[in-house]
Amino acid sequence: MQIQAPKGTFDILPYGAEEKWQLSHLWHYAEKCIRETVAEYGYQEIRTPIYERTELFDRGVGETSDIVTKEMFTFRDRAERSMSLRPEGTSSVMRALIEHRLAKPGSVHKLFYIGPMFRYERPQSGRYRQHHQFGVEAIGVAGPEQDAETIDLLVQVYQRLGLKNLKVHLNSVGDPASRTAFRFALTQYLRPYFSELSADSQVRFEKNPLRILDSKDPKDREILKGAPSLLTHLSDSARSHFEALCHLLDRLEVPYRVDDRIVRGLDYYNKTVFEILSEGLGAQNTIGAGGRFDGLIATFGGSDLPAVGFATGLERVLQALVAQDIAIPPGQSPLVYFIPLGENAKSEALRLATLCRRRHIAAGIELYTQKIQTALQNAVRLEATYAAIIGEDELKTGRLQIKHLASRETHAVQFDEIIPFLHG
Ligand code: ATP
Ligand code: MG
């Protein structure tokens, strides 16, 4: 039996991918735009393991969250310790900061990560069991300026990629005092509808009613239409933080809309929460999301440092780019493709290709077929700019015919003139 990639995972290929977003040069393009943007905002990279002790996510993501209750890839290692493939990045970043004694009182960190995340979900368009996230964490700053900078950074990444028609939805989930007040109002409202709620939401009603606001069940969503708003239950300090953030985003000319239905699926948020939606994706149209999580580092045993961050799913971002028909620069391709005809020509072609590569000019060489047509097709498939055929005549005269594949123009070039020609 032929072995296939696990359900909900996919390969990223240089060519031959089933879907365009699975082509590796698109991933390079996205990662390049991300790295350039974060550098401008002063963020530095952190890489953490792709698996961690399971308790880390129980504590960090929250034991009642969907991720921990039903989406984690959990296994026992050979010493019977419970480990989980990371479902998200924030918990690991916080663990690393504490472990390396970087989360000291008064310290500030601006970190980003890019990498695979694992969630046992029902695979569908935009929802996979292995997906990739780019995320940032800004740690140590409590003021709304940091929230504004973080949201602006994510919007800038999307704009640099070329995405159009983005919508930033902004809300505040308040501080613990605001949430206690709101939880009471929400359960009061939902109690009469209890028997009509989805089974999941009935459990949430007991354990963590705020989570019902995040339900995707259509019936739940209908019931929630009349639910009270978080924004009317904010404490004074949470309200002034939210108002200041709105004002800052206005000043930075970042368009957003206030959406009091956003709570986010992870337990650790407080005050600011936001989601960014893109056109052209159907049901899975949230491409990025984040918020403030001031209490989280302390729950891991670190200093009580404030923090704000986001994560964005690269699959959905690339799918949006493809759906919106955004032009993406081609990947690295050979500048010249040498096609030797006959055994004698092979070593000369290899010498010329090597000469080019020593001078950092990308050069391909056809070592397989002797058929000119097939070799030229290979050059075209690799998107080479030039092709150079080397046969008996060329060996005798020491001169090449270099063909520009797009315009079909040819140039006669001496073997030892090839570097200046290609550099020119
Ligand atoms: P959703 O509501 O779509 O399940 P989420 O709230 O679980 O999303 P987050 O935990 O905030 O998502 O993850 C950040 C981003 O990662 C999402 O906005 C999305 O772009 C992406 N993402 C999350 N889960 C998946 C998945 N299973 N497959 C692909 N991308 C995902
Ligand atoms: Mg989810």
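Over the ring of which residue does the charged end of R129 sit? In this predicted model, the charged end of R129 is placed over the ring of Y120, at 3.8 Å from the ring's centre. A second arrangement of this kind involves R381, which lies over the face of Y15 at 4.9 Å from the ring centre.

The chain as a whole contains 15 helices and 16 strands, and its C-alpha atoms fill a box of roughly 90 × 55 × 45 Å when taken along the principal axes. Of the 424 residues in the chain, 52% are buried. Among the contacts between residues at least 6 apart in sequence, 68% join residues that are at least 24 apart. The domain assignment divides the chain into domain 1, which is made up of residues 20–175 + 235–323, and domain 2, which covers residues 336–423; the centres of domain 1 and domain 2, taken over C-alpha atoms, are separated by 48 Å.

Aromatic rings meet at several places, and the structure holds 12 aromatic pairs. One of them joins F112 and F134 in an edge-to-face arrangement, with 6.5 Å from centre to centre and 70 degrees between the planes. Because F112 belongs to strand β5 (residues 109–118) and F134 to strand β6 (residues 130–139), this pair ties together parts that are 22 residues apart in sequence. Both F112 and F134 are buried. Another pair, formed by Y189 and Y193, is tilted, with a centre-to-centre distance of 5.3 Å and an angle of 45 degrees between the planes. Y193 is partly exposed, its relative accessible area being 28%. Elsewhere, ring pairs link F10, W21, W27 and Y128 into a cluster.

The surroundings of one acidic residue, E71, bring the description back to Y120, the residue whose ring lies under the charged end of R129. E71 is found in helix α3, which spans residues 66–71. When residues up to four places away in sequence are not counted, E71 touches D66, F118, R119, Y120 and E121. Although E71 is buried, it has no salt bridge, and the nearest side chain of opposite charge, that of R119, is 4.5 Å away. The absence of a salt bridge between E71 and R119 can be followed from the cut-off, because such a bridge requires a side-chain nitrogen of Lys or Arg within 4 Å of a carboxyl oxygen of Asp or Glu, whereas R119 is 4.5 Å from E71.

Key:
Residues numbered from 1 in each chain as written. Chains lettered and ligands numbered in written order. Predicted model: local features only at pLDDT ≥ 70, side-chain atom pairs only at ≥ 80, totals over all residues. Heavy atoms only, no water. Phe/Tyr/Trp six-rings, centres within 6.5 Å; stacked < 30°, edge-to-face > 60°. Helix = DSSP H or I, 4+ residues; strand = E, 2+ residues; numbered from the N terminus. Buried < 20%, exposed > 50% of the residue type's maximum accessible area, 1.4 Å probe, protein only. Lys NZ or Arg CZ within 6 Å of the ring centre and 35° of its normal. Lys, Arg positive; Asp, Glu negative; His and termini not counted. Contact = heavy atoms within 4.5 Å. Domains from an automatic or database assignment.
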